[in-house]
Amino acid sequence: MDDLKAKYLSLIAAAGDEAAIEDLRITALGKKGEISLQMRELGKMSPEERQTAGPALNALKDEINSALAAKKAALGDAALDARLRGEWLDVTLPSRPRRQGTIHPISQVTEEVTAIFADMGFSVAEGPQIESDWYNFDALNIPGHHPARAEMDTFYTHRSAGDNRPPHVLRTHTSPVQIRSMEATGASTRIICPGRVYRADYDQTHTPMFHQVEGLAIDKDISMANLKWVLEEFVKSYFEVDHVDIRFRASHFPFTEPSAEVDIRCSWEGGTLKVGEGDDWLEILGSGMVHPKVLQAAGVDPTQWQGFAFGMGIDRIAMLKYGIPDLRAFFDSDLRWLRHYGFAALDVPTLHGGLSR
Ligand code: PHE
């Protein structure tokens with residue numbers, strides 16, 4: 001019995017997989033197994049012999065059974081370990097290389113401006129970039145002979161020979177959306193319109209395509225004072241400061257009367273721009289009370305309704321806020337520039353979350 005025990009324990013210890021364990025179980029304890037046959041011999045023994053051999057055989061059977069079970073469990077653990085090691089995966093790795101794309105400063109600033117004006121009750125309107133002569137000029141009180149047409153360096157679309165209709169233009173400003181939105185929603189309106197505009201001009205502060213945001217508020221009793229408050233609130237929120245001096249400078253636009261250009265106080269000390277301090281002034285927008293002829297052109301009765309409008313350069317205020325010296329770089333698609341001046345993709349500007357943080 002001791003020989004049997006030694007033999008099977010060493011065979012079990014050497015077994016390499018679960019199939020070998022099962023084979024050993026059958027050879028030892030199966031119906032015709034070596035130990036089972038010994039059990040059968042018990043019947044031939046004398047009662048005295050059986051009394052010692054019976055329990056001893058049972059004990060051997062139990063010992064081999066538990067050695068088989070322990071070895072089987074150990075082999076299972078080892079197999080699981082090997083599989084876990086083989087299928088190891090670091091789920092904390094980023095799914096893509098970090099910071100591949102960034103939000104362009106123009107998009108960022110458009111979102112910031114929209115968040116600020118949305119908070120003041122303005123909704124966003126849009127209009128086409130290829131605009132009719134009527135919406136871009138005439139409806140805005142800029143008739144055919146008006147010098148403003150020449151000053152705007154307009155891009156015209158092609159008309160075939162003999163077609164005498166006025167050509168369409170690439171809109172030179174977002175102001176045509178004033179007319180379109182009054183036509184669409186009626187007199188009472190409060191909108192901003194961010195978008196692309198085009199003028200044939202190219203230097204450090206001008207590109208043939210750039211961005212403006214138009215503002216328009218029309219109601220029964222909207223005055224210049226409302227305009228001033230709205231713009232002051234905007235400038236403070238946008239530059240994220242408690243106080244910014246702004247200056248309304250009398251100006252002229254065909255579509256507003258009276259008209260004012262708005263400057264903000266700044267300094268250029270040491271070649272870097274600081275908004276809100278210093279002795280210099282920087283123009284950021286044009287504005288005024290909507291001209292009665294413009295209301296009329298949009299089908300709004302100027303004896304009943306009045307309001308203000310403004311137009312601001314998005315690229316310009318982006319350059320000011322984020323210290324970007326050359327406008328042309330905005331549109332070069334230089335990856336190094338985009339990585340440097342771009343914004344984190346999930347950092348959506350909100351007033352409560354902080355616009356630019
Ligand atoms: N459209 C003007 C421009 O492009 C800006 C402006 C808009 C001025 C609305 C007054 C009112 O320069």
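The following exchange concerns a predicted model and the reasons behind some labels applied to it.

Trainee: Why is serine 132 called buried?

Mentor: Buried means under 20% relative accessible area. Serine 132 has a relative accessible area of 18%, so the label applies. Its place is in the loop between β2 (130–131) and α6 (133–136).

Trainee: What makes the pair formed by serine 132 and tyrosine 135 a polar contact?

Mentor: A polar contact needs N or O atoms within 3.5 Å. A polar atom of the serine 132 side chain lies 3.3 Å from the backbone nitrogen of tyrosine 135, so the distance is within the cut-off.

Trainee: Why is glycine 342 called buried?

Mentor: The cut-off is again under 20%, and glycine 342 has a relative accessible area of 16%, so it is buried. Glycine 342 is found in the segment after α12 (335–341).

Trainee: How far apart are glycine 342 and histidine 104 in sequence and in space?

Mentor: They are 238 residues apart in sequence, and their C-alpha atoms are 5.0 Å apart.

Trainee: Why is helix α11 described as largely enclosed by the rest of the structure?

Mentor: The helix spans residues 314–322, and 7 of its 9 residues are buried, so the description follows. The buried residues are Ile314, Asp315, Ile317, Ala318, Met319, Leu320 and Lys321.

Trainee: What follows α11?

Mentor: Glycine 323 does, and its phi is positive, near 60°.

Trainee: Which residues come nearest to the ligand?

Mentor: Of the 14 residues around the ligand, the nearest are His173, Ser175, Arg199, Gln212 and Gly311.

Trainee: What makes the approach of serine 175 to the ligand a polar contact?

Mentor: The limit is 3.5 Å between N or O atoms. A polar side-chain atom of serine 175 is 2.9 Å from a ligand nitrogen atom, so this pair qualifies. For arginine 199, a polar side-chain atom lies 2.9 Å from an oxygen atom of the ligand. Glutamine 212 likewise places a polar side-chain atom 2.9 Å from a ligand oxygen atom. The ligand exposes 320 Å² when taken alone, and the protein buries 90% of that.

Trainee: Which pocket does the ligand take up?

Mentor: The space taken by the ligand is the largest pocket.

Trainee: Which strands each supply at least two residues of the shell around the ligand?

Mentor: They are β5 (209–219), β9 (280–290) and β10 (306–313). β10 gives the most, with 3 residues.

Trainee: How do the residues of that shell divide by type?

Mentor: The shell has 4 nonpolar, 8 polar and 2 charged residues. Gly counts as polar here, so Gly311, one of the residues nearest the ligand, belongs with the polar ones.

Definitions and conventions: Residues numbered from 1 in each chain as written. Predicted model: local features only at pLDDT ≥ 70, side-chain atom pairs only at ≥ 80, totals over all residues. Heavy atoms only, no water. Near = heavy atom within 4 Å. Polar contact = N/O pair within 3.5 Å; in protein donor to acceptor, adjacent residues only side chain to side chain. Areas by Shrake-Rupley, 256 points an atom, 1.4 Å probe, with all protein chains shown as cover. 1 Å grid on protein atoms, 1.4 Å probe; cavity = no way out; pocket = protein on both sides within 12 Å on 5 of 7 lines; lining within 4 Å. Sits in = over half its atoms within 2 Å of the grid points. Helix = DSSP H or I, 4+ residues; strand = E, 2+ residues; numbered from the N terminus. Buried < 20%, exposed > 50% of the residue type's maximum accessible area, 1.4 Å probe, protein only.
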